[in-house]
Amino acid sequence: MKTPKLVSLAVGLTMATALMVSTAAQTMAAAPAKATAPAKAVAPAPATKAAAPAPAKAKVPLTNDDCVKCHTTPPADIEEAGGWHKKVGCTNCHMGHRPSSKNNIPSCNQCHEGKPHYNLKGQCGNCHKNPHKPKYITFANNVTEACVTCHTQQIAQLKEFKSKHSALYCSTCHNVHGRIPQCVQCHKPHAPTMVQADCAKCHKAHQPKNVKYASTVPSKDCAACHKKAYDLLTASTSKHKTLACVYCHQEKHKMVPKCQDCHGVPHPAGMLAKFPKCGDCHSIAHDLNHWSSQAPAAKPAAHAKPAKKK
Ligand code: HEC
Ligand code: HEC
Ligand code: HEC
Ligand code: HEC
Ligand code: HEC
Ligand code: HEC
Ligand code: HEC
Ligand code: HEC
Ligand code: HEC
Ligand code: HEC
Ligand code: HEC
Ligand code: HEC
């Protein structure tokens with residue numbers, strides 16, 4: 001943290017103009033820094049300790065090198081994690097000093113303007129807690145508005161697909177910036193054999209009720225909630241037994257296929273006109289051609305229903 005800071009400041013920064021204007025008062029101090037061995041030449045540093053009380057006496061402006069003589073933490077923080085602010089330099093943010101100027105704390109918006117994120121006026125310090133380490137960001141667990149100044153897709157999904165997650169704050173789940181939470185932090189898996197990595201096969205965090213899945217999801221995952229269907233199918237002796245649940249119930253939860261989707265017109269039209277329901281002869285898909293007591297579509301039931309309605 002030697003003098004060249006000010007030089008790079010003037011050269012590289014996107015907000016050079018803002019800085020130039022705001023630092024007009026200090027160009028006198030800054031300009032000499034461009035010269036080769038300026039600091040010592042300018043600051044009458046010889047009287048180190050004595051120089052401290054001195055400002056009252058002579059109007060020698062403070063330079064960036066002076067600050068560390070009395071303030072240790074900010075220079076150390078900037079050195080460690082100042083990022084861009086390291087290049088900005090103390091006196092471009094802190095213009096003036098006690099006693100001649102008490103109000104030498106800058107507003108962030110002095111230099112940061114023009115993006116939605118920078119409209120969070122007055123809130124900057126809630127997250128960027130230390131201006132000397134601007135990239136050290138922490139936030140409370142009730143933040144949403146500030147996140148959506150940069151991330152727009154997630155809020156759009158949460159609004160379009162209403163679920164109980166839509167009522168949570170972003171930072172209830174993402175309590176450290178960039179960290180992805182595990183579903184199992186807050187939820188129990190549907191079956192003891194299910195682990196965190198399985199959740200994404202069926203759920204997306206920002207639309208958790210819009211359950212969609214690929215054709216590779218194993219039947220045991222469905223069995224966690226549909227034990228009866230699973231047991232019937234695996235005990236069945238028909239060729240359907242070898243098919244995965246998702247082979248028939250494709251892509252989206254609660255999709256129910258029609259027999260004809262796969263089998264077309266398997267019998268003469270006359271026969272199907274007389275017996276339009278495949279199930280009248282084949283029973284149910286999970287237990288084809290078998291009329292077990294468990295099978296819900298068993299003939300007795302089928303006949304019982306119309307009777308009830310009339
Ligand atoms: C001679 C010692 C000395 C030097 C050199 C010095 N300061 Fe200070 N600074 C102080 C004292 C004393 C205070 C008042 C602290 C307090 O009230 O707690 C102070 C307060 C501050 C504050 C707090 C705001 C305020 O008004 O209370 C800032 C910011 C600050 N200094 C920045 C700087 C910067 C930047 C430099 C270098 C350009 C610098 N100081 C150089 C002694 C110094
Ligand atoms: C005197 C001007 C100035 C002030 C005041 C200022 N900044 Fe900056 N800041 C800059 C410049 C210049 C950059 C680098 C260019 C950019 O990112 O726009 C920067 C970069 C940053 C970065 C990115 C850091 C990096 O290394 O990528 C953060 C975060 C930031 N500023 C936050 C703040 C916050 C919060 C405040 C108020 C406490 C603040 N700034 C006040 C000039 C300033
Ligand atoms: C990007 C702008 C920026 C830069 C660069 C910057 N500061 Fe600060 N500084 C601030 C802001 C904003 C505060 C007020 C923080 C707060 O209110 O919590 C502050 C607070 C301070 C304080 C008083 C509170 C404290 O933390 O002790 C001192 C002293 C200080 N700065 C010194 C320095 C010194 C020395 C440098 C250079 C090594 C420096 N600052 C560089 C923006 C900056
Ligand atoms: C809710 C927390 C939060 C608040 C409030 C907040 N920031 Fe940020 N800020 C962030 C996060 C998170 C990042 C992204 C850091 C990253 O890129 O890893 C960021 C990045 C930045 C950056 C650098 C990247 C960029 O896109 O410009 C600047 C500059 C910045 N903030 C300035 C500000 C200013 C100025 C304010 C107040 C007007 C502010 N921030 C308020 C959380 C916040
Ligand atoms: C100033 C802009 C900014 C703000 C404000 C901001 N972020 Fe980010 N966020 C970023 C950037 C930039 C990244 C890095 C993107 C990347 O790696 O693709 C990021 C990354 C993330 C990631 C990780 C993405 C991944 O693919 O792993 C999550 C999660 C995240 N942010 C959540 C949040 C939350 C929650 C908030 C509010 C508390 C927030 N962000 C505020 C800019 C921001
Ligand atoms: C930080 C905790 C947290 C995390 C992490 C989390 N959830 Fe939730 N989730 C909740 C809360 C709270 C509810 C509402 C519970 C209630 O009211 O009964 C909920 C509800 C749900 C619901 C029911 C939604 C509704 O509207 O009925 C589903 C589905 C769900 N979560 C799936 C997931 C999945 C999948 C993940 C991982 C991608 C996940 N959750 C991550 C806290 C969390
Ligand atoms: C219920 C917990 C929860 C809530 C609430 C939540 N997220 Fe997420 N977020 C996650 C999980 C888990 C992931 C990992 C991807 C997945 O499972 O779909 C994620 C992924 C992300 C990502 C990485 C990119 C992506 O979309 O996959 C970003 C950015 C993000 N979330 C931002 C946000 C923002 C902004 C909000 C608030 C509007 C928010 N999240 C609300 C849990 C949550
Ligand atoms: C094979 C697909 C599938 C997998 C894998 C899966 N889920 Fe689900 N989950 C569902 C379906 C389908 C529902 C919705 C049932 C309904 O409509 O009521 C659901 C509902 C939920 C609910 C709402 C409450 C409840 O129990 O009905 C939560 C919470 C949940 N899942 C969390 C998880 C978590 C955590 C994981 C990973 C460990 C996970 N899910 C893995 C399909 C799956
Ligand atoms: C978290 C538990 C859960 C998981 C896991 C789950 N389901 Fe469901 N499923 C339900 C619930 C609850 C219902 C609604 C039952 C009702 O309405 O009586 C349902 C209904 C269904 C229906 C019937 C729709 C209708 O119109 O009658 C089908 C088909 C279905 N699920 C298939 C699947 C498939 C295939 C899988 C695996 C990819 C699966 N389910 C995973 C809970 C789950
Ligand atoms: C998603 C496609 C699909 C759906 C929907 C479907 N099936 Fe099948 N079905 C198959 C496949 C694949 C076979 C095995 C063909 C083979 O191996 O030759 C099969 C075989 C059969 C067989 C011969 C069984 C045996 O063991 O020889 C019958 C009968 C049958 N299906 C009837 C039905 C009926 C009735 C329905 C509706 C309740 C239905 N299927 C729904 C794909 C489907
Ligand atoms: C051959 C295609 C096929 C396969 C494989 C299949 N189903 Fe079905 N499923 C159907 C059809 C067709 C229906 C509509 C009722 C009928 O006609 O049998 C149905 C109905 C359902 C229903 C709603 C009615 C009920 O019986 O509860 C659920 C839930 C269900 N299936 C879940 C599953 C699960 C879980 C699996 C895997 C263990 C599975 N299905 C495998 C075709 C299939
Ligand atoms: C009137 C009773 C009846 C009805 C209704 C009926 N089937 Fe059949 N189906 C049969 C008989 C009998 C067989 C021959 C069984 C055998 O050979 O074991 C058969 C065989 C099949 C086969 C196996 C053909 C093969 O090549 O092995 C399929 C697939 C099939 N039916 C699908 C359907 C579908 C889909 C429907 C509804 C559109 C339906 N059936 C309606 C009685 C019926």
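Q: Between which two helices is the loop that holds H174?
A: This is a predicted model: local features need pLDDT (the predictor's confidence in each residue, from 0 to 100) of at least 70, side-chain atom pairs count only at pLDDT 80 or more, and totals for chains, interfaces and linings use all residues. Residues are numbered from 1 along each chain as its sequence is written, while chains are lettered from A and ligands numbered from 1 in the order in which they are written. Helices (H or I, at least four residues) and strands (E, at least two) are DSSP runs, numbered from the N terminus. The loop of H174 runs between α12 and α13.

Q: Is H174 buried, partly exposed or exposed?
A: Count the other C-beta atoms within 10 Å of a residue's own, placed from the backbone: 20 or more means buried, 12 or fewer means exposed, and in between is partly exposed. H174 has 19 such neighbours. Therefore H174 is partly exposed.

Q: Which residues does H174 touch, leaving out those up to four places away in sequence?
A: Two residues are in contact if their C-beta atoms, placed from the backbone, lie within 7 Å. Sequence distance alone does not settle contacts, so look at the positions in space. With residues up to four places away left out, H174 touches R179 and P181.

Q: Which residues come closest to ligand 5?
A: A residue is near a molecule if its C-beta atom, placed from the backbone, lies within 6 Å of it. For ligand 5, 14 residues surround it. The closest are C147, C150, C170, H174 and G178.

Q: How many charged residues are in the shell around ligand 5?
A: Ala, Val, Leu, Ile, Met, Phe, Trp, Tyr, Cys and Pro count as nonpolar, Asp, Glu, Lys and Arg as charged, and the others, Gly among them, as polar. This shell has seven nonpolar and seven polar residues. Its number of charged residues is zero.

Q: Which helix gives the most residues to the shell around ligand 7?
A: Of the 20 residues around ligand 7, H151, Q154, C170, C173 and A205 come nearest. The elements that give two or more residues to this shell are α11 (153–160) and α12 (170–173). The top contributor, with four residues, is α11.

Q: Which residues come nearest to ligand 4?
A: There are 17 residues around ligand 4. By class they are nine nonpolar, seven polar and one charged. The nearest are C108, H112, C124, C127 and A146.

Q: How far apart are the C-alpha atoms of H190 and C222?
A: H190 is in the loop between α13 (183–186) and α14 (196–202). Along the chain, H190 and C222 are 32 residues apart. In space, their C-alpha atoms are separated by 9.3 Å.

Q: Is L233 buried or exposed?
A: L233 lies in helix α16 (residues 227–235). Beyond four places in sequence, L233 contacts H240, K241 and H286. Because L233 has 24 C-beta neighbours inside 10 Å, it counts as buried.

Q: What is the phi of E251?
A: Most residues other than glycine have a negative phi. E251 is found in the loop between α17 (245–248) and α18 (259–263). It is exposed, with 11 other C-beta atoms within 10 Å. Its phi is positive, near 75°.

Q: Is S283 buried or exposed?
A: S283 is in the loop between α20 (279–282) and α21 (299–309). Its phi is positive, about 60°, although it is not a glycine. With 22 C-beta neighbours inside 10 Å, S283 is therefore buried.

Q: Is the peptide bond from R98 to P99 cis or trans?
A: Most peptide bonds are trans. P99 lies in the loop between α9 (90–93) and α10 (124–127). The bond from R98 to P99 has omega near -5°. That bond is cis.

Q: What is the mean pLDDT of the protein?
A: Over residues 1–56 the pLDDT is below 50, and over residues 297–310 the pLDDT stays under 50. Where pLDDT is low, the predicted coordinates should not be read in detail. In the protein, 75% of residues reach 70 or more. The mean pLDDT is 81.

Q: How many helices are in the protein?
A: Of the 310 residues, 13% count as buried. The protein has zero strands. Its helices number 21.
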